[in-house]
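Got the viewer open? Here is a short tour, stop by stop, with something to select at each one.

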Amino acid sequence: MRIVERRLEKGSLLRITGPAMLMVGTGKISVLGAVYGPGSRLVLHKCRSYAVKALEGSEIRVTLGDEGSLEEPRPGEEVIDQWLEVAERVVSDGGRVILIGGVESGKTSLTALIANVALSQGRKVAVVDGDVGQADVGPPAFVSMGFVDKPVVWLRDLSADAMRFIGTVAPGPAAGSIVVSVRELVEEAERRGADTVVVDTDGWISGMGALVYKLALIRSLQPARVVLVGPGLEPLANILSRTNMEVYTVGSPARRRERSREERRILRAEGYKRYLEGGETVRINALDSPVLGSCVFSGTPLPSEEVEAISAILGVKVLRASRLSGTLTVAAESRPGREALSKLRDAYPGDHVYVVTPSDAKGLLVAVTDRSLRELGPGLVVSIDYESGVILVRTRYSESAEGIIVGRVKLDENYVEMGRITGCVI
Ligand SMILES: Nc1ncnc2c1ncn2[C@@H]1O[C@H](COP(=O)(O)OP(=O)(O)O)[C@@H](O)[C@H]1O
Ligand SMILES: [Mg+2]
């Protein structure tokens, strides 16, 4: 740990990388458009870096953790003044603002900055976090909306006022559902009185799929302003320049704390934990409650003679088996051997055959819903009894829990993802 004291001239900049704690002695500083005066303290997370700007001659004291650092940016290197200028213009008469940019381009930081500037002008501000991978407002695999009632330096300082479940942490396979959900959340924020809604997005920008997806998002939202952050956006910028949309282009921070794949996974684990820790166990019966995304419980049950025949082929007890269109899903007490499984596939040529076991479901991420299938929040499957249909789910949103939507993410006991899921698990 190191303590550094600095005197900053009015208008000067300092780059601080966390973990760090910043204390203002005298004067006034701004971090992402949030203003801090004498006596303020600010904690900077280890995975983030910031430009600190002195609004007056100021004295600050920075406590740096092991990997923390503090440096003066070279002239022309910092983008913060450009960001502040664009933010002032973008919020001038409220409405919807969407940010698009690559991974680590600065979207989330600029979203916070725009929200802070709008807030300082007395606006009622909401942020919609459309990034299912590096979700900050709500948990990963969800898109979420949070009102901003005090300045924030990281969107994780907000909490979700509404969420929609996407079920994966990669946007590609769920692009359509993200477009619909983000739009619903923007409309909900406006219904609840927001006059400025800032939409943060994921960093998937390269290739035709990404272009189509980002344009679908923009077309669906019809935002007053689009902010393009950092490099790699020429194809999108070209198309937007032929429309009557107001488009702003800003640079990415030249030097920033970038996060490795593993760090992103850990950041996601922290994000899941924020919304999943604690809670209580609720009982959902898949035979009479809405359970979405379960192959076993969505299909037509097979007659008992057929179930017995499958049991005989697999050499393990079959608890339930069903068929939905060309998919046969068998819930077995334990995992059958490879050979037995291929015998079953031979017996059902032309079908997709899945064999699932109760232990596959443990730690599966779900969204808990009310009777009208509205997401209340996340939950984790504790156990599943295929014979009775009872699924136990641990969640903080137990109060009006009536159903679940099954996700494609499984977590271990530390909320770390255990690989991605393909096919049927329940
Ligand atoms: N002005 C700045 N100077 C230095 N680092 C910055 C600045 N603005 C943002 N960063 C850092 O850059 C990294 C990427 O920013 P982030 O807003 O999370 O990008 P994105 O949401 O596009 O992935 C983060 O570590 C963030 O703290
Ligand atoms: Mg981000």
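Domain bounds here come from an automatic or database domain assignment. With those bounds, colour the chain in three pieces: domain 1 (2-71), domain 2 (80-259) and domain 3 (277-426). What you are looking at is a predicted model, so local features need pLDDT of at least 70 and side-chain atom pairs count only at pLDDT 80 or more, while totals for chains, interfaces and linings use all residues. Residues are numbered from 1 along each chain as its sequence is written, and chains are lettered from A and ligands numbered from 1 in the order in which they are written.

**Stop 1: ligand 1**

Select ligand 1 first. Domain 1 and domain 2 both give residues to the shell around ligand 1, so it lies between them. Now add the shell: 19 residues surround the ligand, counting a residue if its C-beta atom, placed from the backbone, lies within 6 Å. Show Arg 48, Thr 108, Ser 109, Pro 253 and Arg 256 as sticks, as these are the closest. Which elements give two or more residues to this shell? They are β7 (49-54) and α2 (107-120); helices (H or I, at least four residues) and strands (E, at least two) are DSSP runs, numbered from the N terminus.

Colour the shell by class and you get 6 nonpolar, 7 polar and 6 charged residues. Nonpolar covers Ala, Val, Leu, Ile, Met, Phe, Trp, Tyr, Cys and Pro, charged covers Asp, Glu, Lys and Arg, and the others, Gly among them, are polar.

**Stop 2: the open sheet**

Next, select the 7 strands of the open sheet, in the order β13-β12-β11-β14-β10-β15-β16, with mixed pairing. Strands pair if DSSP finds at least two bridges between them. At the edges sit β13 (162-165) and β16 (246-250), each pairing on one side only. From one strand to the next, the twist averages 15°.

Zoom in on β10 (residues 95-101) and β15 (residues 225-229): they run parallel, joined by 5 bridges. Pick Ile 98, and its bridge partner in β15 is Val 226.

**Stop 3: two helices across the sheet**

Add α4 (residues 208-221), which lies across β10, β14 (196-200) and β15, at about 175° to β10. Then add α5 (residues 234-241), lying across β10, β15 and β16, at about 150° to β16. Angles run from 0 to 180 degrees between N-to-C directions, with axes fitted to C-alpha atoms, for helices over the stretch in contact (C-beta atoms, placed from the backbone, within 7 Å).

**Stop 4: zoom out**

Show the whole protein chain: 10 helices and 27 strands, in a C-alpha box of roughly 85 × 50 × 40 Å along the principal axes. To finish, place C-alpha centres on domain 1 and domain 3; 50 Å separate them.
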